[in-house]
Amino acid sequence: MNKSRKKDFFNKVFITNNAKETQSLGENFGKVLRRGNVVCLYGDLGSGKTTFVQGVARGLGIKKKIISPTFIIIKLYKLKTQNSKLFYHIDLYRIEGSKDIEGLGLEEILNGKESIAIIEWAEKLKNLMPAKRIDIKFLYEKENVRKVTFS
Ligand code: ADP
Ligand code: MG
């Protein structure tokens, strides 16, 4: 895929046959993101969300390897591309109630017009979920196959 645009993803379903393919999908998608964009990811453990974010980070020009540290909920990366200076990778897996969510200062991040944010387990945002966002659902099909749906 060369020079992708947002509309190449909107309302589309992708089947990936291994982790690398999910990363390249993420990489292509990362290139179309602009400041102010909020991307919400949904799907069970192991469905490929973090793998996808690794690709997104690469597409945004981040050289560091994105990991999923167990105790870090919000990870901030500096950007040199995309007209945006900051990229937030948020993983709400460990968050339990709305009480936990409230202390994270997510409102600012999610409504900020300068940064790009991607959130795993975004359904946990509940009322903090911004109306204007990109939703991506991850489904485990079989061992190496995942279905990725953009809306
Ligand atoms: P999540 O963040 O949704 O819990 P991860 O991305 O951390 O999921 O884990 C997905 C796991 O599944 C990884 O070990 C990855 O190597 C493996 N995998 C196998 N096939 C795929 C695929 N097509 N897409 C993404 N991950 C895959
Ligand atoms: Mg994850």
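Where is the place of Ser84?

## Ser84 and its loop

This report concerns a predicted model. Ser84 sits in the loop that runs between strands β3 (74-78) and β4 (86-91). With a relative accessible area of 3%, Ser84 is buried, because residues under 20% fall in that class.

Ser84 may also be placed relative to Ile73, which is eleven residues away along the chain. The C-alpha atoms of Ser84 and Ile73 are separated by 21 Å.

## The surroundings of ligand 1

Ligand 1 has 17 residues around it, and those that come nearest are Thr22, Gly46, Lys49, Thr50 and Thr51. By character, the shell around ligand 1 divides into ten polar, five charged and two nonpolar residues. Two helices, α1 (19-32) and α2 (49-59), each supply at least two residues of this shell. The largest share, three residues, comes from α2.

Several side chains approach ligand 1 through polar atoms. A polar side-chain atom of Thr51 lies 2.5 Å from an oxygen atom of ligand 1. In the side chain of Arg146, an N or O atom is 3.0 Å from an oxygen atom of ligand 1. Thr16 places a polar side-chain atom 3.0 Å from a nitrogen atom of the ligand. Taken alone, ligand 1 exposes 570 Å², of which the protein buries 74%.

## Thr16 in strand β1

Thr16, whose side chain lies 3.0 Å from a nitrogen atom of ligand 1, belongs to strand β1. Its relative accessible area is 3%, so Thr16 counts as buried under the 20% limit. The side chain of Thr16 is also joined to that of Thr22 by a polar contact of 2.8 Å. Thr22 is itself among the residues that come nearest to ligand 1.

## The magnesium ion

Ligand 2 is a magnesium ion, and its protein donors are Thr50 (OG1) and Glu120 (OE), at 2.1 to 2.2 Å. This pair links distant parts of the chain: Thr50 lies in helix α2 and Glu120 in strand β5 (residues 115-120), 70 residues apart. Thr50 and Glu120 are both buried. Thr50 also has a place beside ligand 1, as one of the residues that come nearest to it.

## Aromatic pairs

The model contains ten aromatic pairs. In one of these, Phe14 and Phe150 meet edge-to-face, with 5.4 Å from centre to centre and 75° between the planes. Phe14 lies in strand β1 (residues 13-16) and Phe150 in strand β7 (residues 145-150), so the pair ties together parts that are 136 residues apart in sequence. Both Phe14 and Phe150 are buried.

Ring pairs also build a wider group. They link Phe9, Phe14, Phe29, Phe52, Phe138 and Phe150 into a cluster.

## Positive phi angles

Asn11 and Trp121 may be considered together for their backbone angles. Asn11 is a residue other than glycine, yet its phi has a positive value near 60°. Trp121, likewise not a glycine, has a positive phi of about 60°.

The settings of these residues may be described in turn. Asn11 is found in the segment before β1, and at 54% relative accessibility it counts as exposed, because the limit for that class is over 50%. Trp121 lies in the loop between β5 and β6 (134-142). Its relative accessible area of 12% is under 20%, and therefore Trp121 is classed as buried.

Definitions and conventions: Residues are numbered from 1 along each chain as its sequence is written. Chains are lettered from A and ligands numbered from 1 in the order in which they are written. This is a predicted model: local features need pLDDT of at least 70, side-chain atom pairs count only at pLDDT 80 or more; totals for chains, interfaces and linings use all residues. Side-chain values use heavy atoms; hydrogens and water are left out. A residue is near a molecule or strand if one of its heavy atoms lies within 4 Å of it. A polar contact is a pair of N or O atoms within 3.5 Å; within protein, one must be able to donate a hydrogen and the other to accept it, and residues adjacent in sequence count only if both atoms are side-chain atoms. Accessible areas come from the Shrake-Rupley method with a 1.4 Å probe; for residues, only the protein chains shown count as cover. Helices (H or I, at least four residues) and strands (E, at least two) are DSSP runs, numbered from the N terminus. Ala, Val, Leu, Ile, Met, Phe, Trp, Tyr, Cys and Pro count as nonpolar, Asp, Glu, Lys and Arg as charged, and the others, Gly among them, as polar. Donors are N, O and S atoms within 2.8 Å of the metal (3.2 Å for Na, K and Ca); water is not among the atoms, so sites may look incomplete. Buried means under 20% relative accessible area, exposed over 50%, partly exposed in between (1.4 Å probe, protein chains only). Rings of Phe, Tyr and Trp (its six-membered ring) pair if their centres lie within 6.5 Å; planes under 30 degrees apart count as stacked, over 60 as edge-to-face and the rest as tilted.
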